Each structure stands twice: as structure tokens, then as C-alpha cells.
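Let's walk through this one together, with the viewer open beside the text. We will begin at the ligand and work outwards from there.

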Amino acid sequence: MWDMNLEDIKKVSVIGGGIMGFGIAINFARNGYPTLIHDLNDETVARSKHWVQSAMALFVEEGLLNQAEADDTMSRISWTTDLSEAAQSDFITEAIVERLQDKQALFKTLDKLCPPQTIIVSNTSGLVMSKIGAGVQRQDKVGVTHYFAPPHIVPGVEVAKGPGTSDQTYQIIYDLMKKAKKVPIKVLKEKPGYLINRIQNAMGAEVNRLWIEGVATAEEIELGMKTTFGFRMPHEGTFGHYDLAGVWRWPDDVMTPWRFRPDAEPVDEGTKKYRARMEEKKPWFFKPEQFDEAMEKRDREYVRRLKVLYPDL
Ligand SMILES: NC(=O)c1ccc[n+]([C@@H]2O[C@H](COP(=O)([O-])OP(=O)(O)OC[C@H]3O[C@@H](n4cnc5c(N)ncnc54)[C@H](O)[C@@H]3O)[C@@H](O)[C@H]2O)c1
């Protein structure tokens, strides 16, 4: 029986110190973990170091860290071009190029080099662990932590399993994200693109279509996104927005199919499930009696944000 706990993770490594890897390393180091970044050569290592130093300078300038905390963080990060050195860690995050065969090869090599208890996760944008980890022995100790750029600043991280990931491993990964002061988002099923990139890509596809059709210029589409739902999104996602917009109590005939209710045939199980949920006529998150309070809270936050982002309005 493997009985590793969160407390047994004392040392972490990040493989690939690029745009994502250097920021992922900062999170761990800021929160007390000696962190080793592995990259391919002296040049990529130097670039990674430069990015960490710049991020620390920015954090100090903006008062997120004081100089002593930034120095402490820096002192916990080191770099290597020797993969076998980086493999001697309790938790490894892979953040190399998004090419399946490269990730597969790396996972197989790490599987051989790492101590048996080491957990290895991928920061893949959308590949699934059943493919990345194919051929790896430690199927129970692999998983996915998908950060969002810049990962040392953006709070959310999707946490997903591979087909063999044990509940114990998943819990350790989840708890580690919390300990590294991130906001873990549970993904329940293996799905290419996971949650957020799928949502983002759906939006991207529509943006491209609107631009191609000449419905608006790129500048106007961008302006629209930033000043409308982009403005609201720190407070509410789509479900929360539908709740407070009162969509759940709209009459049936104003529920246009292209909007909220997939009415397209054939009526598959998913569509039926969604329709049934809509027919319950209830909001996702707020009880009707909490509405006034929720709206006031939302609007107060929006007014504060308006004053910061659009002081002239
Ligand atoms: N850039 C983003 O916004 C973003 C967001 C979320 C997830 N991701 C994912 O994170 C991963 C890394 O992306 P990135 O944007 O940081 O890329 P990047 O090119 O900036 O960094 C990758 C780093 O890995 C190094 N590398 C490549 N192959 C290696 C190997 N075999 N061993 C060791 N180091 C190796 C490269 O030298 C480079 O420094 C990808 O899987 C990507 O899809 C990227």
C-alpha cells in the first residue's frame, strides 16, 4: 500500500522552464518548496532565470511580495539541464512543448528515473493523460494540472485524472495546488481540452466567424468582449450570470434555441438532461429569496471595478 501524504512532498521539479514553467515554479517556491527547473540548454535556462527575476521585481514593485519574500522565493528556485537530477523530486510538473510524442517520451523517461513514490503531472493545454502517460508504469501516480498564463498570477488550475490515477494521488495533487495558493478546479472526466480551453475555443471559433463574415472589425469585437462579459466575469461565470439575469424564469417562448436551450434534433441524452434541468425553472446557485442580496453584492463590486477600470465613465 502506497501511503504518501501531502506532507511527504518536500521538493518539486518543473520540466520545461518556458512561459508556463517559470511561473509554475514561482508558485511552488513562493509557498516554501525547494523547486528545481529543468530545461534543455544554458540558453533556455538563462531565459527562464531572467523571467523569474523579472516577475519577482514586478511582484515587489506592486507590493505583492516584499523584497525579503522575493529573495526567499528566488533562493528556493534552482535550474539544471540534467534530467536525472530533476527526477529526484517528490512532485514533478511537466511543462514542455505541447507535442504528444515529446511528452510521452519524457513521461516514460521520468517513470524510469524518478523514485517510485514521485507523482508526475502534465501542464498540457488539452492532451489527455491516457495518451501522454501511455506505457508508464506508475499509472496511479500521474495526473494533469492545467495552469493559465501567467501561471504565477492567474489563480485557477484545472486538476484532472488519467485513467489509472488513484484517488489518493488526485487528492494530493488537489491539496498541493491549494497549498501553493492556487484555486484548483476539479475536472471529473478525461476530455481533450478539459473545461476552460474548450469554452475559450468555442468563444474563439465564434469570434473568428463573426470577423470573417465582416459583422464587425477585430477591434470592435475585442472592445465588446472587454467592456461587457469580460468586465463581469471576475464576479460571475455563465451559470451565475444566467441566474442573476433571471433566465431560469423566462417564459418558454423567449428561450431562443440558439441561446440557452439546445433544441436541435436529434434529441440525445445530453439534450434531454439539459432540457429537464431548464424545465425545473430554478437558478443554479442562488435561491430566489437571496436574489436582492446577490444583486446588491454584484452591483457594488461592479461599481468598484468601474471606478478602477473606467474612471471617466
Ligand atoms: N503558453 C500558454 O499560455 C499555456 C497555457 C496553459 C498550458 N500551456 C501548456 O504548457 C506547456 C508549455 O508551454 P509553454 O507556453 O510554457 O511553452 P514554451 O515553449 O514557452 O516552454 C517550453 C519549455 O520547455 C523546454 N523543453 C522543450 N522540450 C523539452 C524537453 N524534452 N525537456 C525539457 N525541456 C524541454 C523548452 O526549451 C522551453 O523552455 C505546453 O504543454 C502548453 O500547451 C501553455
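In this predicted model, the ligand is surrounded by 23 residues, and the closest of them are G16, G18, M20, E98 and A149. If you are thinking about the chemistry of that shell, its residues divide into eleven nonpolar, nine polar and three charged.

One of those closest residues, A149, is worth a second look along the backbone. A cis peptide bond links A149 to P150, with omega at about -10 degrees. To find P150, go to the loop that runs between strand 6 (142-146) and strand 7 (156-161).

While you are checking backbone angles, turn to K181 as well. This residue is not a glycine, yet its phi is positive, near 60 degrees. K181 sits in a loop too, between helix 7 (167-179) and strand 8 (183-186).

Now step back to the whole chain. How is the protein chain divided into domains? The assignment gives domain 1, covering 6-186, and domain 2, covering 196-309. Taken over C-alpha atoms, the centres of domain 1 and domain 2 are 33 Å apart.

Next comes the helix packing. Two packed helices are described by the angle between their axes and the distance between those axes. Start with helix 1 (residues 21-30) and helix 2, which pack at an angle of about 50 degrees with 9 Å between their axes. Because of that angle, helix 1 counts as oblique to helix 2. The crossing of helix 1 past helix 2 is right-handed. Which residues make the contact? On helix 1 they are G21, F22, G23, A25 and I26, and on helix 2 they are S48, W51, V52 and A55. Sorted by class, this contact of helix 1 with helix 2 has six nonpolar residues, three polar ones and no charged ones.

Follow helix 2 (residues 42-61) to its packing with helix 3 (residues 67-76): here the angle is about 160 degrees, and the axes are 9 Å apart. An angle over 145 degrees counts as roughly antiparallel, so helix 2 is described as roughly antiparallel to helix 3. Helix 2 and helix 3 also cross in a right-handed sense. From helix 2, the residues V52, M56, F59 and V60 meet Q67, A70, T73 and M74 of helix 3. The contact of helix 2 with helix 3 consists of six nonpolar and two polar residues, with no charged ones. You may recognise V52 here: it takes part in the contact with helix 1 and in the contact with helix 3.

Note on methods:
Residues are numbered from 1 along each chain as its sequence is written. This is a predicted model: local features need pLDDT of at least 70, side-chain atom pairs count only at pLDDT 80 or more; totals for chains, interfaces and linings use all residues. A residue is near a molecule or strand if its C-beta atom, placed from the backbone, lies within 6 Å of it. Ala, Val, Leu, Ile, Met, Phe, Trp, Tyr, Cys and Pro count as nonpolar, Asp, Glu, Lys and Arg as charged, and the others, Gly among them, as polar. Domain bounds come from an automatic or database domain assignment. Axes are lines fitted to C-alpha atoms, for helices over the stretch in contact, and angles run from 0 to 180 degrees between N-to-C directions. Helices (H or I, at least four residues) and strands (E, at least two) are DSSP runs, numbered from the N terminus. Angles under 35 degrees count as roughly parallel, over 145 as roughly antiparallel, 65 to 115 as roughly perpendicular and the rest as oblique. A crossing is left-handed if the near helix is turned anticlockwise from the far one by less than a right angle, and right-handed if clockwise. Two residues are in contact if their C-beta atoms, placed from the backbone, lie within 7 Å.
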